[in-house]
Amino acid sequence: MTTTIRTFIALAMIALLGGCSVHYSTTGASIDNEAKTVNVRFIENRAPITNPTLSQKITQKLRDKVTSQTRLTQVGDNEPRADYEFRGAITGYSFSNAAVTNVDQAATSRLNVTINITFIKRVGDKKGFTQSFTRSADFSANQLPSVVENGLLENNIIPGIVDDIFNRAFANW
């Protein structure tokens, strides 16, 4: 009797666990099996204040991240519709005071960048998204924005926004 119960429990466990599957990836990216291509379209700069190279830099960093950390192949805009597609625009680019001293003088300033991204999935569950991503970086108010701007973009803001977009698209963060 106890052998029969043990056998039944063992078979039930095997059947239960056999129906489960988990997808692991070294990058943490979750990609539908039938997805092969991606199109990261040029991210336009529609912010009232603009940095002339920001659109190109963000577009290229996102393309590089997607192609280096997934098995997807980047296709051009003239190709047939890609399995995954990113469209976007820079909608905010501003400098502001982040902290003030006790004499109403700025001690820290901040560069803020906002990008609106639409992610389209044409395979799998087809659940894309449209979302704004914002990143900022602080710098001493004693420094001119034009002096620190490119460093803040290259070292803080662009990598952060690209990571946020990638994680939202492929890691559901």
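Me: In strand 4, what is the bridge partner of Val38?
Reply: This is a predicted model. Strand 1 covers residues 37-40, and three bridges join strand 1 to strand 4 in the parallel sense. Val38 lies on the strand 1 side of this pairing, and its bridge partner in strand 4 is Tyr84.

Me: Which residue in strand 4 stands opposite Asn45?
Reply: Asn45 belongs to strand 2, which spans residues 44-45. Strand 2 and strand 4 run parallel and are joined by two bridges. The residue of strand 4 opposite Asn45 is Ile90.

Me: Which residue in strand 5 stands opposite Ile90?
Reply: Strand 4 runs over residues 84-100 and strand 5 over residues 106-121. The two pair in the antiparallel sense. Ile90 already faces Asn45 of strand 2; in strand 5, the residue opposite Ile90 is Ile115.

Me: How many bridges pair strand 4 with strand 5?
Reply: One pair in this ladder is Ile90 with Ile115. Another has Tyr93 opposite Val113. Strand 4 and strand 5 are antiparallel, and the count of bridges between them is 15.

Me: In strand 6, what is the bridge partner of Thr114?
Reply: Strand 5 also pairs with strand 6, residues 129-140. These two run antiparallel and are joined by 12 bridges. Thr114 is in strand 5, and its bridge partner in strand 6 is Thr134.

Notes
Residues are numbered from 1 along each chain as its sequence is written. This is a predicted model: local features need pLDDT of at least 70, side-chain atom pairs count only at pLDDT 80 or more; totals for chains, interfaces and linings use all residues. Side-chain values use heavy atoms; hydrogens and water are left out. Two strands pair if DSSP finds at least two bridges between them. Helices (H or I, at least four residues) and strands (E, at least two) are DSSP runs, numbered from the N terminus.
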